[in-house]
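The following note sets out points for consideration by a colleague reviewing this entry. The points may be read alongside the coordinates.

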Amino acid sequence: MKLLALDTASTLCSVAVLDVETGTMLAAISEDIGKGHAEHLMAFIEQALNEAAISIGEIGKVAVSVGPGSFTGVRVGVSTARGFGLALKCPVVGISTLEALAYDARQTFAGRPVLSIIDARRDEIYAQFFASDGSIGSVPGVTTLPEVFTALSERQNDVVLSGSGAALVNAGLEQKLDVAVTTSTGTIGAFARLGALREINGEAPKPLYLRGLDVKPQQGFVLKRKVAE
C-alpha cells in the first residue's frame with residue numbers, strides 16, 4: 001500500500017509518498033513557502049507522485065498534519081486530505097505536529113523522554129510530553145514558560161526538547177537540556193511513518209486548534225498526565 005502524507009501546518013509545504021509494505025520513502029518534498037499553501041499544495045502532490053512513479057489512484061491511505069500550527073495552513077492540509085479520502089475511498093488519519101516532533105527527536109535521542117514544544121507567540125507555548133518509549137505522557141495544550149519549568153522540575157532531567165520553543169525553555173534553565181529539533185513542525189517523513197502506524201477509527205481528522213482567535217486559551221494542559229485506562 002502507498003501512503004500520501006501532507007503537512008501544511010507551518011511555513012513549510014511538505015508532501016511524501018511512503019511504500020508502507022517495504023518502509024521505503026518513494027518521494028519527499030518540503031519547501032518553505034511562507035504562505036499560499038492552497039495555491040501550492042496540489043502542485044507539490046503532483047510532483048511527489050511523479051517522483052514516486054505512481055498515480056494518485058494507487059494511494060491507499062492519507063496522513064495529514066492536524067496542527068497545532070497555522071490556522072489557515074492546517075485547514076488547507078486537512079481539507080485536502082479529506083477530499084482525497086472521499087475521492088479515493090481510502091482512510092485518512094491525522095498526526096499532530098507535536099507527535100511528529102517527538103518522533104524526530106527519538107531518531108537522535110532514542111530511549112529518552114521528549115518535550116515537544118512550539119513557540120505559539122503571545123508569550124504562550126504549545127507543548128506535550130512523550131515518554132521514553134514514545135507513548136503519550138501528557139495531553140497537548142497551550143501553556144506558559146513558568147508552567148513548563150514547573151512540569152520539568154517534576155520529571156527526569158534527561159528530557160529532550162524538540163521544536164521551535166526549545167531555545168525559549170533553555171534560556172530559562174541553569175542546566176540546559178538536549179535539543180533535537182528547532183523547527184515548528186516535524187519532518188514529512190515523521191508524518192508519513194506515524195501515519196502508516198496510526199490505526200483507522202473511521203473518523204475524519206479534524207484540525208487540532210489548541211487556541212482560538214476569539215476564545216480564551218486553555219492553560220496548563222502540559223501538566224496533566226495521561227491516565228492509563
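1. In which strand is the place of Asp 7? In this predicted model, Asp 7 belongs to strand 1, which covers residues 2–7. The residue deserves attention for its charge: Asp 7 is buried yet forms no salt bridge. The nearest side chain of opposite charge belongs to Arg 198, at a distance of 13 Å.

2. The surroundings of Asp 7 can be described further. Its side chain reaches the backbone nitrogen of Ala 9 at 3.1 Å. When neighbours within four places in sequence are set aside, Asp 7 is in contact with Leu 12, Cys 13, Ser 14, Ser 65, Thr 185, Gly 186, Ile 188 and Phe 191.

3. Strand 1 takes part in an open sheet of five strands, ordered 3-2-1-4-5, with mixed pairing. Strand 3 (24–32) and strand 5 are the edge strands, each pairing on one side only. On average, neighbouring strands of this sheet are turned by 15° against each other, direction ignored.

4. Both senses of pairing can be illustrated within this sheet. Strand 2 (residues 12–19) pairs with strand 3 in the antiparallel sense over eight bridges, and Val 17 has Ala 27 in strand 3 as its bridge partner. Strand 4 (residues 59–65) and strand 5, by contrast, pair in the parallel sense over four bridges; here the bridge partner of Val 62 is Val 92 in strand 5.

5. Are the residues of strand 5 (residues 92–95) buried or exposed? Val 92, Val 93, Gly 94 and Ile 95 are all buried. Val 92 and Gly 94 point one way, while Val 93 and Ile 95 point the other way. In a regular strand, side chains alternate between the two faces of the sheet. Helix 2 (71–88) lies across strand 1, strand 4 and strand 5, and runs at about 165° to strand 4.

6. A second open sheet also has five strands, in the order 8-7-6-9-10, and its pairing is mixed. Its edge strands are strand 8 (141–143) and strand 10 (179–181), each pairing on one side only. The average turn between neighbouring strands of this sheet is 35°, direction ignored. Strand 9 (residues 160–162) and strand 10 run parallel and are joined by two bridges, with Ser 162 standing opposite Val 181 in strand 10.

7. Which strands does helix 3 (residues 97–108) lie across? Helix 3 lies across strand 6 (114–121), strand 7 (124–130), strand 9 and strand 10. Relative to strand 6, helix 3 runs at about 135°.

8. Some backbone geometry merits inspection. Most residues other than glycine have a negative phi, and most peptide bonds are trans. Gly 67 and Pro 68 are joined by a cis peptide bond, with omega about 5°. Pro 68 is found in the loop between strand 4 and helix 2.

9. Positive phi values should also be checked. Ala 53, although not a glycine, has a positive phi of about 60°; this residue is in the loop between helix 1 (37–52) and strand 4. Ala 53 is exposed, with a relative accessible area of 65%. Arg 121, likewise not a glycine, has a positive phi of about 65° and is found in strand 6. Arg 121 is exposed, and its relative accessible area is 59%.

Note on methods. Residues numbered from 1 in each chain as written. Predicted model: local features only at pLDDT ≥ 70, side-chain atom pairs only at ≥ 80, totals over all residues. Heavy atoms only, no water. Pairing = 2+ DSSP bridges. Axes fitted to C-alpha atoms, helices over the stretch in contact; angles between N-to-C directions. Contact = heavy atoms within 4.5 Å. Buried < 20%, exposed > 50% of the residue type's maximum accessible area, 1.4 Å probe, protein only. Lys, Arg positive; Asp, Glu negative; His and termini not counted. Salt bridge = Lys/Arg side-chain N within 4 Å of Asp/Glu carboxyl O. Polar contact = N/O pair within 3.5 Å; in protein donor to acceptor, adjacent residues only side chain to side chain.
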